[in-house]
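Here is a short note to read alongside the coordinates. The points go from the whole chain to single side chains.

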Amino acid sequence: AHLRMDVDTLCAGLLHDTVEDTRLGLRDLEQVFGPAVRRLVEGETKVSKLASKRLETQQGSDEEAERLKSDCRTEAHAQAQAQAQTRGQKRGCRR
């Protein structure tokens, strides 16, 4: 609550490993939670893979990888908030 994240961002935070750890795909997430949640989950999945590859090739770059992940999450959060404001409505996590 103190981070003031919108519902889509919170849903994506809870679902971010779903695509990698289950048989559900991004389309499944979009059907249930909407396109904003899908984009956030997709972005986090890409960032995680990028960070993992960087860590494999560069030793001692843990801080840099975490900074990159944090920057991307912040940008995704800002985009989701802007979209929510544009829609001018609040919605629940369940559809």
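How much of the accessible surface of the protein belongs to carbon and sulfur atoms?

1. Surface. The accessible surface comes to about 7100 Å², and carbon and sulfur atoms hold 51% of that area. Please keep in mind that this is a predicted model.

2. Overall make-up. The protein has five helices and zero strands, so the order from the N terminus on reads α-α-α-α-α. Of its 95 residues, 27% are buried. Among contacts with a separation of 6 or more, 63% are between residues 24 or more positions apart.

3. Helix α1. Which residues of α1 are buried? They are D8, T9, C11, A12 and L15. These residues lie on the same side of α1, because they cover an arc of only 160 degrees around its axis. At the start of the helix, the backbone nitrogen of D8 has a side-chain oxygen of D6 within 3.3 Å.

4. Helix α3. This helix spans residues 26-33, and L26, L29 and F33 are buried in it. Seen down the axis, the buried residues fall within an arc of 60 degrees, so they line one face of α3. R27 and Q31 are exposed and sit on the face turned away from that buried side. The spacing fits a general rule. An α-helix has 3.6 residues a turn, so residues three or four places apart point the same way.

5. The nonpolar core. The largest nonpolar core has 10 residues: C11, A12, L15, L26, L29, F33, V37, L40, V41 and A80. At least two of them come from each of α1 (7-15), α3 and α4 (35-57). In soluble globular proteins, nonpolar side chains tend to be buried together. One core member, L26, also has polar company: apart from neighbours within four places in sequence, L26 is in contact with V19, R38, V41 and E42.

6. The α3-α4 loop. G34 is found in the loop between α3 and α4, and its phi is positive, near 100 degrees. Is G34 buried or exposed? G34 is buried, at a relative accessible area of 5%. The C-alpha atom of G34 is 8.5 Å from that of D8, although the two residues are 26 apart along the chain.

7. Salt bridges around R38. The structure holds three salt bridges. R38 takes part in one with E30, where the closest N and O atoms are 3.1 Å apart, and in another with E42, where that distance is 3.8 Å. R38 and E42 are separated by about one helical turn because they are four residues apart in α4. Both acidic partners are partly exposed: E30 has a relative accessibility of 30%, and E42 has a relative accessible area of 23%.

8. The α4-α5 salt bridge. E44 pairs with R73, and their closest N and O atoms are 3.0 Å apart. The pair links distant parts of the chain, since E44 is in α4 and R73 is in α5 (residues 62-87), 29 residues apart. E44 counts as buried because its relative accessibility is 11%, under the 20% cut-off. R73, at 41%, is partly exposed. By contrast with this pair, E30, R38 and E42 are joined into one network by salt bridges that share partners.

Terms used:
Residues numbered from 1 in each chain as written. Predicted model: local features only at pLDDT ≥ 70, side-chain atom pairs only at ≥ 80, totals over all residues. Heavy atoms only, no water. Helix = DSSP H or I, 4+ residues; strand = E, 2+ residues; numbered from the N terminus. Buried < 20%, exposed > 50% of the residue type's maximum accessible area, 1.4 Å probe, protein only. Contact = heavy atoms within 4.5 Å. Areas by Shrake-Rupley, 256 points an atom, 1.4 Å probe, with all protein chains shown as cover. Arc of directions from axis to C-beta. Core = buried A, V, L, I, M, F, W, Y, C linked by side-chain atoms within 4.5 Å. Polar contact = N/O pair within 3.5 Å; in protein donor to acceptor, adjacent residues only side chain to side chain. Salt bridge = Lys/Arg side-chain N within 4 Å of Asp/Glu carboxyl O.
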